[in-house]
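Please open the structure in the viewer and keep the sequence beside it. The tour below proceeds by selections, each followed by a short account of what is there.

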Amino acid sequence: MHKHFYAQLDLPPPQNKPFVALNMVASLDGKVTSSGRLDPGSLGSSFDRQTMNMIRSHFDAVLAGGNTIRQHPYYLGVPKELEAGRRERGLAAQPLTVLLTKSGQLDPLGPVFATPPRPPVIITTTKGAKNLPTPIKEVAIVETLGEQPGPQAICQLLWEKHRVSHLLVEGGPSINYQFCQDRYVDQIFFTLAPRLVGASDDLTMIMGPKVLPSANQINLLSLNKHGDELFLRYQINW
Ligand SMILES: NC(=O)c1ccc[n+]([C@@H]2O[C@H](COP(=O)([O-])OP(=O)(O)OC[C@H]3O[C@@H](n4cnc5c(N)ncnc54)[C@H](OP(=O)(O)O)[C@@H]3O)[C@@H](O)[C@H]2O)c1
């Protein structure tokens, strides 16, 4: 079997804050959901899923927003066979799962809270912390960051308290928007899947109210093909 093209990833060292990358899959018409969801196989192939795991295997922590985790209430970890490689790179066997919620409305029965390999970190508001169901508070580490936790405060907390030097953000689009709006995204991993969605209600990779600040440069670092799927990696210099 060929070695995966992301088996070795030279991620830049952090500069007093976590290095941040996004990873998303989209259809040819730029949609990251189909009928309002992303289900296994609805956009990316099983190889795209393997690629997601391989990318995760290089990061200290993987972060997702409330809507994404309500749809996919699973620990944002790696399969067992990638744990040895992580240890060799000096990382914990599993990345830390970081969840963002303002409301605190997460399902305590979600598998992410059943038997997580590490206690997930939930970053929330004062109100969200009050609303979080007790069984979740018993297994997770709850971090309260005022009323509007932003990327700067989130990154500072993860850097200082949870020793996260490489953070992978896995959406959804509204979380991606906040990290880009505040210029906290250093790289983007992007899968272009041979699908067409078309529905105007479906989401695109980064969605928010205003045009993003324009980056100085966005450079293509690598381009790989597997079957009919393309795997692109970009560097953003803000
Ligand atoms: N194609 C892909 O690669 C991909 C990847 C990821 C997700 N998706 C899809 O994207 C969709 C979800 O995207 P979305 O944009 O609607 O939602 P999202 O970004 O997953 O989550 C938004 C939610 O995150 C919480 N949140 C947002 N900003 C926050 C902040 N600053 N501090 C604390 N919490 C914050 C809030 O949760 P509360 O509502 O709990 O307050 C908010 O409603 C899903 O269908 C998912 O499957 C696709």
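Which residue just after α8 takes a positive phi? Select Arg183: this residue, just after α8, has a positive phi of about 60°. Please bear in mind throughout that the model is predicted.

**The sheet**

Select the strands next. An open sheet is formed by 9 strands, in the order β5-β4-β3-β2-β6-β1-β7-β9-β8, and the pairing is mixed. At its edges are β5 (141-144) and β8 (217-226), each of which pairs on one side only. On average, neighbouring strands of this sheet are turned by 20° against each other, direction ignored. As background, strands of a sheet pair through backbone hydrogen bonds, either parallel or antiparallel.

Now restrict the selection to residues 61-65, strand β2, and residues 96-101, strand β3. These two strands pair in the parallel sense over 5 bridges. For one individual pair, select Ala64 and its bridge partner in β3, Leu99.

**Helix α1**

Select residues 46-56, which make up helix α1. Helix α1 lies across β1 (19-27), β2, β6 (166-169), β7 (187-193), β8 and β9 (229-237). Relative to β7, helix α1 runs at about 170°.

Within helix α1, select Gln50. Is Gln50 buried or partly exposed? Gln50 counts as partly exposed because it has 16 C-beta neighbours inside 10 Å. Add Ser222 to the selection: Gln50 and Ser222 are 172 residues apart along the chain, and their C-alpha atoms are separated by 18 Å.

**Helix α8**

Select residues 173-181, helix α8. This helix lies across β1, β2, β3 and β6, and runs at about 135° to β6. Which residues in α8 are buried? They are Ile175, Asn176, Gln178, Phe179 and Cys180. The elements that cover these buried residues include β1, β2, β3, α7 (151-160) and β6. It is useful to recall here that an α-helix has 3.6 residues a turn, so residues three or four places apart point the same way.

**The surroundings of the ligand**

Move to the ligand and display the residues around it. Of the 31 residues there, Gly65, Gly66, Asn67, Gly171 and Gly172 come nearest. The elements that give two or more residues to this shell are β1, β2, α2 (66-71), β3, β4 (121-124) and α8. By character, the shell divides into 12 nonpolar, 16 polar and 3 charged residues.

Keep Gly171 and Gly172 selected, and inspect the bond between them. It is a cis peptide bond, with omega about 0°. Gly172 is placed in the loop between β6 and α8.

**Two further backbone angles**

As a general rule, most residues other than glycine have a negative phi, and most peptide bonds are trans. Two more residues with a positive phi may now be selected.

Select Asn16, in the segment before β1. Although it is not a glycine, Asn16 has a positive phi of about 60°. Asn16 counts as exposed because it has 6 C-beta neighbours inside 10 Å.

Finally, select Arg163, in the loop between α7 and β6. Arg163 has a phi near 55°, a positive value in a residue other than glycine. Why does Arg163 count as exposed? The reason is its number of C-beta neighbours inside 10 Å, which is 12; a residue is exposed if there are 12 or fewer.

How values were computed
Residues numbered from 1 in each chain as written. Predicted model: local features only at pLDDT ≥ 70, side-chain atom pairs only at ≥ 80, totals over all residues. Pairing = 2+ DSSP bridges. Helix = DSSP H or I, 4+ residues; strand = E, 2+ residues; numbered from the N terminus. Axes fitted to C-alpha atoms, helices over the stretch in contact; angles between N-to-C directions. Contact = placed C-beta atoms within 7 Å. Near = placed C-beta within 6 Å. Nonpolar A, V, L, I, M, F, W, Y, C, P; charged D, E, K, R; others polar. Buried ≥ 20, exposed ≤ 12 C-beta atoms within 10 Å, placed from the backbone.
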